[in-house]
Amino acid sequence: MTTTTPDWAQRFSQRMGRVRASEIRELLKLLDQPDILSFAGGIPNPVLFPTERIQAGYDAILSDPVQSAQALQYSVSEGYLPLRQWIAERMTRDGVPCDAHNVMLTAGSQQALDLLGKLFLSQGDTVMVARPTYLGALQAFNGYEPTYLDLPETALSEGVDAQALMAGRAPRPLGYFVPDFANPTGQSLTLAEREALLDLAQQLDMTLIEDGAYRELRFTDQALPTLLALDIARSGSIEAARTVFCGTLSKTLTPALRIGWVCGPSAVIEKLVLLKQGADLHVSTINQMVAHRAVSEGYEQHLGLLRNTYAARARTLLSALERHMPKGVSWTTPQGGMFVWVRLPEGMDGKVLLERALAEERVAFVPGEPFFAEVPTANAIRLSYSLPGDDQIEDGVARLGRLIARMA
Ligand SMILES: Cc1ncc(COP(=O)(O)O)c(C=O)c1O
């Protein structure tokens, strides 16, 4: 009997047409080489992982017969109640009065984005996003075959004609925004921009997804209110809000526990629980219990360490850019998070710069283009300061500055 290899491309669902590997991923495979100075990985610095606390958590739970029987068992899709309660209390202190039934645990906030896409998007629906936006959100939503609408950069500061913006598009868009220390720009929306976004959402009857992944990594004591908090101030309660908040412990504890959450109206949470059941039943029970122990004591102190460390790295990067970048290059000044967005001289392509930076200067970063949903901008790159040390930052930026000067 002869067998033929199935033509898989023919068999995959229509939605897979929208699901692609990025060419940049190929280039970034080179990152494993030890002599590369990398600003590419937007991941937490492992020296900041609370390893001992996590180990103590696993030890304590597994050495207690009652707790270990619970920890190693299946559990409810909503998530471990004490952790949901801790999140609800924290959200309440952050201006979002709510309780545990407004919170569902997810496998990282990435899963929250996927489940929210599944809940809200039918094929051809409009998703409104910032220019640029988090690439992983686009990957999560792409499977639900929406069309994207880039919100013009000045729309929130200078105003925009809401109806003209939506011309020719499916009405009642889903909005996705990262108001605090965004990936990839490191920038935050001002209070006025947050209010303007809520005005726009009201005019368009838009559901808002607020991604707060970097909110806790602020370098100053001043936190602006979340979109959800501002929404509740207008609508009266979380049950009347149009905003759903996604949070995560990935950036503050460790991404390996895969603990994220959605906080929103209970009508939304109830449906998400059904989707979570279908996707993977629940987040790892033991990881939720360990995470709960880890945040229950000393979390504020740990956040203080993270904030100081990342703030110092950001200062080093910003001062190196000041000294080494040629004219025509500009960048954002983050007040939190892990990223600086660098605008290259007009006509310079971030992808070409990456190829040459890897080959000629052994420096890596992420080109800006994939972070745009609708109309890409080529002359931008994302630098992350979370991993490299001070000397590497200085050396890497000097090399990059030299190359940009050669190419300009
Ligand atoms: C803006 C943003 N949202 C969500 C995520 C997903 O993180 P996690 O699934 O680990 O919570 C990331 C990760 O880089 C991110 O940058």
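Two strands are taken as paired if DSSP finds at least two bridges between them. The legends below describe a predicted model.

**View 1. An open sheet of four strands.** The strand order is 9-10-13-12, and the pairing is antiparallel. Strand 9 (330–331) and strand 12 (366–367) lie at the edges; each has a single partner strand, so one side of each has no neighbour in the sheet.

**View 2. Strands 10 and 13 side by side.** Five bridges join strand 10 (residues 339–343) to strand 13 (residues 380–384) in the antiparallel sense. Within this pair, Phe339 is placed opposite Ser384 of strand 13.

**View 3. Helix 14 against the sheet.** Helix 14 (residues 299–324) packs on the sheet and touches strand 9, strand 10 and strand 13. The direction of helix 14 makes about 15 degrees with that of strand 10.

**View 4. Cys98 and Cys263.** A disulfide is a covalent bond between the sulfur atoms of two cysteines. The structure contains zero disulfides. For Cys98, the closest cysteine sulfur is that of Cys263, at 3.9 Å, which is too far for a bond, because a disulfide requires the two sulfur atoms to be within 2.5 Å. Cys98 is buried, with a relative accessible area of 15%.

**View 5. Cys246 and its nearest cysteine.** Cys246 takes part in no disulfide, and the nearest cysteine sulfur, that of Cys263, lies 9.8 Å away. Cys246 has 0% relative accessibility and therefore counts as buried, the cut-off being under 20% relative accessible area.

Methods
Residues are numbered from 1 along each chain as its sequence is written. This is a predicted model: local features need pLDDT of at least 70, side-chain atom pairs count only at pLDDT 80 or more; totals for chains, interfaces and linings use all residues. Side-chain values use heavy atoms; hydrogens and water are left out. Buried means under 20% relative accessible area, exposed over 50%, partly exposed in between (1.4 Å probe, protein chains only). Helices (H or I, at least four residues) and strands (E, at least two) are DSSP runs, numbered from the N terminus. Contact means heavy atoms within 4.5 Å. Axes are lines fitted to C-alpha atoms, for helices over the stretch in contact, and angles run from 0 to 180 degrees between N-to-C directions.
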